[in-house]
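This report describes a sheet, the burial of one of its strands, and a patch on the surface.

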Amino acid sequence: MPRAEKVEQVELLTERLKSARVAVLTDYRGLTVGQLQDLRSRLRAHDVEYRVVKNTLARRAAVEAGHPDFQEQLKGPVAIAFGGEDVGAPARLLAEFVRQTRLRLDIVGGLVEGRVMAPEQVRQVADLPPREILLAQLLGTLQSPIAQLVATIQAPVQQLLGLLEAYREKLEGPSDDQGLAAPAGAD
């Protein structure tokens, strides 16, 4: 590869590493070109870019992007799945691809929110639900104590209202509609 192309590749990888919230490294050995294209199209449908990289260029890009620890994971033939908003999407989609196709695609490591992660940590991120579900779960967790507090505060007020209503009925005495018969001939 001519020097100008290498410089361009390093710049592109550096930019992707800086802008992506997550980068998942995979060992793609054993996949055919057709299978790689299928994987790329599945990932692209979810705004995840999958790129086979040269390790020497990727190591330079990792250092330039401010992630020197990441270069230690760049060993053997690797490809990088770059993700944006949903941090778990790349790893989740890769795991889904492996389940559906029964092909071997090992996760070598990753970079999540600027932190270098081991393969098992990346798999844990893949198991996280999407952001919207996490926010809904958090909201439910936050609302539960508030709802319990409101119910606790309202309970004595409801009891007091019940007692006052019963006392009012006692003072008024029995009414005609409580089963007392009208005097004879009052019709």
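The account below begins with the basis of the model and then turns to the sheet and the surface.

## Basis

This is a predicted model, in which local features need pLDDT of at least 70 and side-chain atom pairs count only at pLDDT 80 or more, whereas totals for chains, interfaces and linings use all residues. Residues are numbered from 1 along each chain as its sequence is written, and side-chain values use heavy atoms, with hydrogens and water left out.

## The sheet

Five strands (DSSP E runs of at least two residues, numbered from the N terminus) form an open sheet in the order 2-3-1-4-5 with antiparallel pairing, where pairing requires at least two DSSP bridges between strands. Strand 2 (49-53) and strand 5 (115-117) each have a single partner strand and stand at the edges, so one side of each lacks a neighbour in the sheet.

Strand 3 (residues 78-83) pairs with strand 2 over five bridges, and Val53 stands opposite Val78. Six bridges join strand 3 to strand 1, again antiparallel, with Ala23 opposite Phe82.

## Burial of strand 3

Six of the six residues of strand 3 are buried (under 20% relative accessible area, 1.4 Å probe, protein chains only), so strand 3 is largely enclosed by the rest of the structure. Val78, Ile80 and Phe82 are buried on one side, and Ala79, Ala81 and Gly83 on the other.

## Surface of helix 6

Leu161 lies in helix 6 (residues 131-172) (a DSSP run of H or I, at least four residues). Leu161 counts as partly exposed because its relative accessibility is 48%, between the 20% limit for buried and the 50% limit for exposed.
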